[in-house]
Amino acid sequence: MQQDEDSPLKAEPVRILLVDVHAISRDSSRMLLDTMPDFEVVGETGDHNEAMRLAESLKPDVVIVSMRVEGSNGPDTTRDLIKLDPSIKVIFWTLFDDPEHVNNALKSGASAYVLKQDPASEVERAIEKVLNGFTYLSPTLKFIVQD
Amino acid sequence: MLKSKINAKRKAQMRLRLLVILLASLPLLVAIVWMVWMVRDLITDMQKDEVVAVQSIVLQARKEELKHFVQAGSKVMAHYCVPGNRPTRLTYEGSELLRHMDFGDLTDDNYFFIYTMDGVNVMHPRLREIEGKNLWDFKDAAGNLIIQTLLEHARSADHFVSYDWNRPSTGRIESKLGYVEYVPECNLMIGTGLYLDYMKEVKAYIESQTDSAIERTRDRILLIALASLFLVAAGGLSLNIHEQRLANQKLRTMAQQVVESQEAERTRVARELHDGVSQWLAATKFTFETAMMQLQQGKAEKSENTLDLGVKRLREVMHYVREMSHKLRSAMLDDAGLGATLAQEGRELGERTGMDVVVRVGSIPNLQKDVENDLYRTFQEATVNIEKHAKAKNVEIAISADNKGLWMHISDNGVGITDGNRTRSGIGMINMRERIERHGGEFEFSSQTGMTRITAFIPRSQL
């Protein structure tokens, strides 16, 4: 992928794989992430198997998934990604803000859960946090009590 | 609405069923009455024959009996007699013996009588006053010379004589069958007789037997008839209950279908909102956020393009929302009314499908909201059917009103709804009919290849 000329001082940009069934979401998410300094979307897909293939070949630092994945779903794709590479960080970026979806996502091994409704800075923060080994939950979801 | 209609329908069906049960029972009842009458007649006929047969058998037996007794009696008498014309003391001894020889047990009136051949009574156990008297000239009420006749028969081959005689046990004159024989050893006539009233007793006995047989048979037939009627009624009733259960089940299934389809519709709308509108809105938001970020990074030119993209996406969302609401309910119906909506949708149908769609809108009054909605839904159902299944080139839609009410015609020249392709159109038809009839209207449908037409009419009072 193309290196951003405006941040030549940065060492390595964070390599991101986008998994989202909606093309319009992938387009706009990619544009947003690519505009952020330090991030680089190295691949995108809406399909589960393609996601596995890309994760293996591209070795992304972070995979951003949505709830809907062609041939599977967000949590199952997350499990398979972690199985493939236990060091991989998965961030959910979705519209679903109900406890059930959040819990399913976190149980599947995701490191962060951010809502598309949140300001764009939330996804930025989430990426930083998970790369530093933290789990991150969108502040909008604070009401969710987890075991 | 639907429920009350089904109830009314069920009531009509019940009435019909009751009528059928009555119609089934009536011939049964007639048949049974006729059968009872027939059996009665038959048994009465049989009884007459039987009386005749039994009487003749009994009479024959009795005749034999009379003959045998008289033969026995005459043997006894012969033993006491010495040949000669006049009865001797010995003769009287013999006759005394016979006096006590009553026989049989059915009546008291079985006895021997003895006469000399010139008509003098020698012995009569019941009428001792006539003993020693000459009855040669004795006549019955009809003027028959009874004793002379008896004496004649005693000597002839036919020993049986029918005559009237005073029956001792009743004191009445009754017809009697006599048997007489001539005893040559004594030169006497010995005889006995059978009062024929006895035959009446036989007849009465047979009749009482057959009467009870008739009663038994009648009772059995009535029992069978009652059982049959009960079975018919029970059958009808169980049919009723079964039908009612089916109808209830149907009603429940329909209610469930309504709930399910509403549920499915809501799920579809929710999914469309999430997958469509929300994703587009999120994407639009991302686009504006990108533009903001680009502005902060001093990339004004880039941000301008991104903002353009954001506006474009917003427009797409607006279009999407409008399309969705269009599907859920024609927004126009509320604003512009039915006529304009049909014209607009007809035009769009033509543009979308390439069919030649003609919409004729006459002057129609302001309609009640639910009438307008049901007409619009009927129109939608019909045009969706045409679009999906009819393969038509021409579609004609007409709506007009006069002083009777409002008419809506929708016709097409497509393949028609035939038995071969009538798959799901049935429910659509029922829906349309239901929508029109709930306003007291009439719904007509006709279809053949090349011409399918629906007509909906709503009376003026309901508009």
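**Notebook: the sheet and two helices of chain A**

I looked up the sheet of chain A and found 6 strands in an open, parallel arrangement, ordered β2-β1-β3-β6-β7-β8. Strands here are DSSP runs of E with at least two residues, helices are runs of H or I with at least four, and both are numbered from the N terminus. Two strands pair if DSSP finds at least two bridges between them. The edges are β2 (39-45) and β8 (136-137) of chain A, each paired on one side only.

The model is predicted: local features need pLDDT of at least 70 and side-chain atom pairs pLDDT 80 or more, while totals for chains, interfaces and linings use all residues. Residues are numbered from 1 along each chain as its sequence is written, and chains are lettered from A and ligands numbered from 1 in the order written.

I checked one edge. Strand β7 (residues 112-115) of chain A pairs with β8(A) in the parallel sense over 2 bridges. A:Tyr113 has A:Leu137 in β8(A) as its bridge partner.

Next I noted that helix α2 (residues 48-58) of chain A packs on the sheet, touching β1 (14-19), β2 and β3 (62-65) of chain A. Contact means C-beta atoms, placed from the backbone, within 7 Å. The direction of α2(A) makes about 145° with that of β2(A); axes are lines fitted to C-alpha atoms, for helices over the stretch in contact, and angles run from 0 to 180 degrees between N-to-C directions.

Last, I took α2(A) against helix α3 (residues 74-84) of chain A: the angle is about 25° and the axes are 10 Å apart. The contact residues include A:Met52 of α2(A) and A:Leu81 of α3(A).

Notes
Two residues are in contact if their C-beta atoms, placed from the backbone, lie within 7 Å.
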